[in-house]
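Subject: The structure we talked about

Hi,

Here is the structure I promised to pass on. Please have a look, and then read on for my notes on what turned up.

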Amino acid sequence: MTAPLSTPDERASAVAIAYDKQDSAPRVVAKGYGTVAENIIRMAQDHGLYVHESPELVGLLMQVDLDAHIPPQLYLAIAELLAWLYALEGESKGRDLRLRQGRPVDGA
């Protein structure tokens with residue numbers, strides 16, 4: 001998740017969250033400004049992860065300690081973001097499946 005730059009004086013900021021079904025809530029696993037933010041974004045993109053821009057949410061998540069669960073006040077916002085992500089992943093998998101199903105059996 002990233003926050004875009006508004007003026008030349010502001011630094012980019014980024015927060016990475018991870019959710020494991022065994023956890024009670026998603027955790028903040030990386031966060032930073034400037035070069036650190038750019039590295040977080042690049043690493044996410046290099047690993048095929050989605051990057052979502054939300055300056056307000058990034059600002060709130062920057063206040064959460066590293067490896068800490070997000071606070072209950074952010075559950076709804078993060079749940080909506082995760083629902084969006086799962087929908088995107090489902091669409092992508094569906095396209096892949098349709099492509100595979102459309103191929104002839106001999107692979108030609």
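Let me start with α1, which has twelve residues and reaches 16 Å from its first C-alpha to its last, close to the 16 Å expected at 1.5 Å a residue. Please keep in mind that this is a predicted model, so everything below describes a prediction.

Which residues of α1 are buried? They are Ala37, Ile40, Ile41 and Ala44. These four cover an arc of only 95° around the axis, so they sit on the same side of α1. On the face turned away from that buried side you will find the exposed residues Thr35 and Asp46. Ile41 is worth picking out: with a relative accessible area of 19%, Ile41 counts as buried because the cut-off for that class is under 20%. Its C-alpha atom is separated by 7.0 Å from that of Ala14, although the two residues are 27 residues apart along the chain. Just after α1, Gly48 takes a positive phi of about 75°.

Now for the overall layout. The protein has three helices and three strands, and reading along the sequence gives the pattern β-β-β-α-α-α. Of its 108 residues, 26% count as buried.

Next, the loop between α2 and α3, where I would point you to two residues. Met62 has its place in this loop and is buried, with a relative accessible area of 12%. In space, Met62 and Val15 are 6.7 Å apart, C-alpha to C-alpha, while in sequence they are 47 residues apart. Met62 can also be related to Val28, a residue of strand β3: the C-alpha atoms of these two are separated by 8.7 Å, with their positions 34 residues apart along the chain. Val28 is itself buried, at a relative accessible area of 0%.

The other residue in the loop between α2 and α3 is Asp67. What is the phi of Asp67? It is near 65°, a positive value in a residue other than glycine. For context, most residues other than glycine have a negative phi. Is Asp67 buried or exposed? At 52% relative accessibility Asp67 counts as exposed, because the cut-off for that class is over 50%.

On to the aromatic side chains. A search of the whole structure finds one aromatic pair. The rings belong to Tyr50 and Trp84; their centres are 6.2 Å apart and their planes stand at 65°, so the pair is edge-to-face. This pair links distant parts of the chain, since Tyr50 is in the loop between α1 and α2 (55-61) and Trp84 is in helix α3, 34 residues apart. How accessible are the two partners? Tyr50 is partly exposed, with a relative accessible area of 39%, and Trp84 also counts as partly exposed, at 36%.

Finally, the largest pocket, which has a volume of about 630 Å³. Of the 27 residues that line it, the closest to its centre are Ala16, Ile17, Leu49, Tyr50 and Leu85. You will recognise Tyr50 from the aromatic pair. Which elements each supply at least two residues of the lining? These are β2 (13-18), β3 (27-33), α1 (35-46) and α3 (75-102). The largest share, six residues, comes from α3. By residue class, the lining of the largest pocket divides into 22 nonpolar, three polar and two charged residues.

If you open the model, I would suggest looking at α1 and its buried residues Ala37, Ile40, Ile41 and Ala44, then at the pair of Tyr50 and Trp84, and then at the pocket whose centre has Tyr50 among the closest lining residues.

Happy to talk any of this through whenever it suits you.

Best wishes

Terms used
Residues numbered from 1 in each chain as written. Predicted model: local features only at pLDDT ≥ 70, side-chain atom pairs only at ≥ 80, totals over all residues. Heavy atoms only, no water. 1 Å grid on protein atoms, 1.4 Å probe; cavity = no way out; pocket = protein on both sides within 12 Å on 5 of 7 lines; lining within 4 Å. Points joined across faces, edges and corners; volume = space filled by probe spheres on them. Nonpolar A, V, L, I, M, F, W, Y, C, P; charged D, E, K, R; others polar. Phe/Tyr/Trp six-rings, centres within 6.5 Å; stacked < 30°, edge-to-face > 60°. Buried < 20%, exposed > 50% of the residue type's maximum accessible area, 1.4 Å probe, protein only. Expected span 1.5 Å × (residues − 1). Arc of directions from axis to C-beta.
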